[in-house]
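Welcome, and please get your viewer ready. We will go from stop to stop, and at each one you will hear what to select and what to look for there.

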Amino acid sequence: MTFLFNSDARRGAIFADAFARDLPEVPFSMDPEAVNPDAVRYLLTWTVPENLPRYRNLEIIFSMGAGVDQFQGAAIPESIKIVRLIEDGLSRMMQEYVTLAVLALHRNLPRYLAQQKRAVWHMIDQTPAGERRVGVLGLGALGQAVLERLQPFGFLRAGWSRSPRLLDGVTCHSGAGGLDCLLAATDILICLLPLTAETRGILSADLFRKLPQGAALVHVGRGPQLDHAALIDALDSGHLSGAMVDVTDPEPLPPGHAFWSHPGILLTPHVASMTQPQLAAPAITANIRRHQAGLDPLGLVDRRRGY
Ligand code: NAP
Ligand code: GLV
């Protein structure tokens, strides 16, 4: 029974230590050439290797991150469980990033940066946090974590998910019918949805029109959820006041793309939350123990839903 690690050697060394400490009975390998393919039960990877069929006894593919959209389209037999990463380090980093973004947009940072470039000293009327409505698309591990972290600022908080949720202090909407209600009452919209057939292109001109005049966007889901041209149009028309974008399609963003220089956009290169091996490794060894005890691993993907 072997755990095969398919990522960079620096992270691999940290995982190897964690396996030796926490799960010594499961041999750890970073070398697909040296490993006996029939012994491989667990694979940790970001993308599905082309030679997947050689691992005939594979039980679980662990994603190196929270997202599993990179596995879509790969021929993964139904008998293999797909598991996304859920652990506190990922949540904390996402909390930091989204708090940074919400506060930047709440306090008009894109406009002040543009003013600074032109040496303009001009005070913009400030909306109090208690009157600012923050709406989160996706109330999963990360959506809930960011809503919790935003609570002390006093923002009015709401969220949207596929199935109904009850969260303390958060107005929860669900399903196709709930989306319009959320949008109509959101000043800062945060996208934390997984990429699926339903969410691809969801951040569209139509969606932006349903937001109030002057609303802003934080996009930390996946690049293909956002219509880039629609965002530029919404910003240029003044309907949206700003955006902080961490994920794009394609990545990296090509030279000359409008996002690089648009004054309404704060752009980062898909860094909102990054897997930290020293935190991810114990989460994965604990998850293997769950699986070995006959329990579903945390983060088990529902193939029909796609996340
Ligand atoms: P998760 O726990 O699976 O939560 C997903 C949430 O989205 C759930 O609340 C789910 O609803 C909702 N949802 C999915 N499809 C929907 C639909 N069609 N309509 C309405 N709601 C829908 O995922 P997570 O761990 O929070 O991660 C979310 C995503 O963040 C990841 O998939 C990844 O793409 C992205 N991410 C980005 C970064 C970055 O650095 N930018 C880092 C990590 C993750 P239910 O509650 O009803 O199931
Ligand atoms: C990063 O984007 C992740 O999915 O963890």
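A residue counts as buried when its relative accessible area is under 20%, as exposed when it is over 50%, and as partly exposed in between. Keep in mind that you are looking at a predicted model.

**Stop 1: His262**

Select His262, in the loop between helix H8 (258-261) and strand S12 (265-267). Is His262 buried or exposed? With a relative accessible area of 14%, His262 is buried, because that value falls under the 20% cut-off. Now add Asp236 to the selection: its side chain and that of His262 are joined by a polar contact of 2.7 Å.

**Stop 2: ligand 1**

Next, select ligand 1 and show what lies around it. You should find 30 surrounding residues, and the closest are Leu139, Leu142, Ser163, Arg165 and Tyr307. If you colour this shell by class, you will see 13 nonpolar, 10 polar and seven charged residues.

Zoom in on the polar atoms of ligand 1, taking the partners one by one:

- Tyr307: a polar side-chain atom sits 2.6 Å from an oxygen atom of ligand 1.
- Asp246: here a polar side-chain atom is 2.9 Å from a nitrogen atom of the ligand.
- Leu139: this time the backbone takes part, with a polar atom 2.9 Å from an oxygen atom of ligand 1.

How much of ligand 1 does the protein bury? On its own the ligand exposes 940 Å², and 95% of that is buried by the protein.

Switch to a cartoon view to see where the shell comes from. Helix H4 (141-150) and strand S7 (156-161) are elements that each supply at least two of its residues. The largest share, three residues, belongs to H4. Colouring by domain is worthwhile too: domain 1 (2-85 + 275-292) and domain 2 (89-267) each contribute at least three residues to the shell.

**Stop 3: ligand 2**

Move on to ligand 2. Which residues are around it? Select Trp46, Gly65, Ala66, Gly67, Arg222 and His270. By class, this shell has two nonpolar, three polar and one charged residues.

Follow the oxygen atoms of ligand 2 outwards. An N or O atom in the Arg222 side chain is 2.6 Å from an oxygen atom of the ligand. The side chain of His270 also has an N or O atom at 2.7 Å from a ligand oxygen, while Ala66 places a backbone N or O atom 2.7 Å from an oxygen of ligand 2. Taken by itself, ligand 2 has 190 Å² of accessible area, and the protein covers 86% of this.

Stay with Arg222 and add Asp69. Their side chains form a polar contact of 2.9 Å. Asp69 is in the loop between strand S4 (60-63) and strand S5 (81-83). A relative accessible area of 18% makes Asp69 buried, because it is under 20%.

**Stop 4: the largest nonpolar core**

In soluble globular proteins, nonpolar side chains tend to be buried together. To look at such a group here, select Leu137, Leu189, Leu203, Leu207, Phe208 and Leu231, the residues with the most contacts inside the largest nonpolar core, which has 28 residues. The elements that give two or more residues to this core are S7, helix H5 (175-184), strand S9 (188-191), helix H6 (205-210), strand S10 (215-219), helix H7 (228-236) and strand S11 (240-245). Of these, H7 gives the most, with five residues.

Pick out Leu203, in the loop between S9 and H6. Its relative accessibility is 0%, so Leu203 counts as buried. For a sense of distance, draw a line to Leu58: the two C-alpha atoms are 37 Å apart, and the residues are 145 apart along the chain.

**Stop 5: two partly exposed residues**

Now select Asp206, in helix H6. Asp206 is partly exposed, because its relative accessible area of 39% lies between the cut-offs of 20% and 50%. From Asp206 to Tyr55 the C-alpha distance is 45 Å, across a sequence separation of 151 residues.

Finish at Gly238, in the loop between H7 and S11. At 32% relative accessibility, Gly238 also counts as partly exposed. Add Gln213 to end the tour: its C-alpha is 7.7 Å from that of Gly238, with the two positions 25 residues apart in sequence numbering.

Conventions
Residues numbered from 1 in each chain as written. Chains lettered and ligands numbered in written order. Predicted model: local features only at pLDDT ≥ 70, side-chain atom pairs only at ≥ 80, totals over all residues. Heavy atoms only, no water. Near = heavy atom within 4 Å. Polar contact = N/O pair within 3.5 Å; in protein donor to acceptor, adjacent residues only side chain to side chain. Areas by Shrake-Rupley, 256 points an atom, 1.4 Å probe, with all protein chains shown as cover. Helix = DSSP H or I, 4+ residues; strand = E, 2+ residues; numbered from the N terminus. Nonpolar A, V, L, I, M, F, W, Y, C, P; charged D, E, K, R; others polar. Domains from an automatic or database assignment. Core = buried A, V, L, I, M, F, W, Y, C linked by side-chain atoms within 4.5 Å. Buried < 20%, exposed > 50% of the residue type's maximum accessible area, 1.4 Å probe, protein only.
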